[in-house]
Amino acid sequence: MTAAPLSLEQAPPISVPLRFFLTAPAFGLLAAAVLLAGGPAPWGSRASPVLLAATHLLTLGVITQVMMGAMLQLLPVVAGSPVPYARATGAAAHLLLAAGALALAAGLWGGDPSWMRAAVALLAAAFAVFLAAAAVSLARAPVAHRTVQAMRLAILALGVTAGLGLTLAIARGRGGGAAGYALLAALHPAWGLLGWIALLVVGVAYQVVPMFQITPAYPPVLSRGLAPALFASLVFWSVATAFGDPWVRLAAGLMLALGLAGFAAATLRLQARRRRRLPDPSLQFWRLGLAALLAAVALWLAGQARPALTAAPAYGLALGLLFLAGYALSLINAMLYKIVPFLVWLHLSAHPAGRGRLPNVKDVIPDRRARVHLWLHRGAIALLLAAAVRPRAFVYPAAAVFAAANLALGLNLLMAWGRYRRIIAGNATPSPDPRTHP
Amino acid sequence: MTGERLLDVSALEPPEPLQRALAAVATLAPGEYLHMRHRREPLPLYPLLQERGYDHRTCRRGDGEYHVLIWRRDDPEAAARGRAWPQTEHRP
């Protein structure tokens, strides 16, 4: 099973992915702040203004931010196809996405249509820039291996999610309640979670799990078929939902559940066979994320078997929390703790100033600091799930611990960035003055 | 004395293989070459070696077994040994 060759010469400047990564924890903190300000009352419904605002700060400000930054880094390296104008694209997409996420949160929370209109404009621009650049890069990819295939589908799914979301936002900006709103509101999160997020995670996992955890490659049957199967199931599910066909809808849902559970099981199995036995924080984040994914699938199946379960607001909340905070955030953290030190090391090694002072990649973000974040994140997930069931008792502690977890992540990433900057700056002159640099 | 320094990085995660290889080549004695064993082809290493004044030769023995021989560009003895590998391979 030949692995895709890495072509690191085409990698963009470190600022391109890092600006996304460094901003993401700030949005996590904002989401926590929104939850704190909202208190327990909004937890009676997943679609309350406070929860919608917090959810989108999470999905756009944290998750999509990191995924966009990662794609801009991975496209040239893994797909072997550079992103046109990477620096400008990265800067534009980053600023537009960040501003758009803020505007959307404000619009969802306060209900002011002018914020919604601003959000629509900003986010439409952000996605247009990013999708165009990514599509060009993916279309030109010289080798269409499994990760490229998954990325293409993920980008399509992002386009669908964004289109649905913008339509919803426009409807809300006009005072809400347009025809078909409920349908769009059901499809939008499905395409976002099971399309954009799940497909990109799968595609990236094919690379990073064998590479960073020294495992065998994913089984070819799975890696060839999973992304297309998930995408096709999502399409069928959407059509069946639109036309009100419960059986096709159920069958498609089961296919999605099977695909996601299969991915989780296959990854856990690979990781059990890793060559490096000592578990590091990244691996522990992976396990946490995959366990949460399996729990989400199990909860969904339970809801299918006993529809009465799904009536309680806690059900929808728990499902969303398991998928977003449990699965998506944990895996993002797992990957950041490998990718960021690697990028710092890589760019330092290519920089004439950094070459002589290369840190050990393990020192860029020490394990013990990542572990602090790991424990806070575990606590946050547990408390958030508890809050879904008992909001009055748990919303404040959950939001507080979630804030602390994001703070820990932010500090860890800033530490890595600061290290990079200091090393570069410390050797700014090619021939250092021997009096000050012995 | 075969002049070979063996470095097996197959069980290491990135960028440790690169890190160790770069550290090892910096301390090669005259006439010595580095024999780096890895489970993937270390493509990112090649440009880094080039700009530091090293030449290399890669042999692939099946999937997941790559042997990279590295020597200083201005060391003809090491270059000859590296190019002749595996004839010069140290057998225990």
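Trainee: Hi! Before we look at how a helix lies across strands, what does contact mean here?
Mentor: Hello! Contact means heavy atoms within 4.5 Å. Keep in mind that this is a predicted model.

Trainee: Okay, so which strands does helix α1 of chain B lie across?
Mentor: Helix α1, residues 16-26 of chain B, lies across β1, β2, β3 and β4 of that chain. Its direction is at about 170° to β2(B).

Trainee: And which strands does α3 of chain B lie across?
Mentor: Helix α3 (residues 76-84) of chain B lies across β2, β3 and β4, and runs at about 165° to β4(B).

Trainee: In what order do the strands sit in the sheet?
Mentor: The order is β1-β2-β4-β3 in chain B, an open sheet of four strands with mixed pairing. At the edges are β1 (4-8) and β3 (54-60) of chain B, each pairing on one side only. On average, neighbouring strands are turned by 20° against each other, ignoring direction.

Trainee: How many bridges join β3(B) to β4 of chain B?
Mentor: Seven, and the two strands run antiparallel. For example, R57(B) has L69(B) in β4(B) as its bridge partner.

Trainee: Switching to chain A: where is R274(A)?
Mentor: You'll find R274(A) in the loop between α8 (246-272) and α9 (281-305) of chain A.

Trainee: Is R274(A) buried or exposed?
Mentor: R274(A) is buried, yet has no salt bridge. The nearest side chain of opposite charge, D280(A), is 6.8 Å away.

Trainee: Then what lies 3.0 Å from a polar atom of its side chain, I mean R274(A)?
Mentor: That's the backbone oxygen of Q271(A). Leaving out residues up to four places away in sequence, R274(A) also touches several others, including Q213(A), P279(A) and R287(A).

Note on methods:
Residues numbered from 1 in each chain as written. Chains lettered and ligands numbered in written order. Predicted model: local features only at pLDDT ≥ 70, side-chain atom pairs only at ≥ 80, totals over all residues. Heavy atoms only, no water. Buried < 20%, exposed > 50% of the residue type's maximum accessible area, 1.4 Å probe, protein only. Lys, Arg positive; Asp, Glu negative; His and termini not counted. Salt bridge = Lys/Arg side-chain N within 4 Å of Asp/Glu carboxyl O. Polar contact = N/O pair within 3.5 Å; in protein donor to acceptor, adjacent residues only side chain to side chain. Pairing = 2+ DSSP bridges. Axes fitted to C-alpha atoms, helices over the stretch in contact; angles between N-to-C directions.
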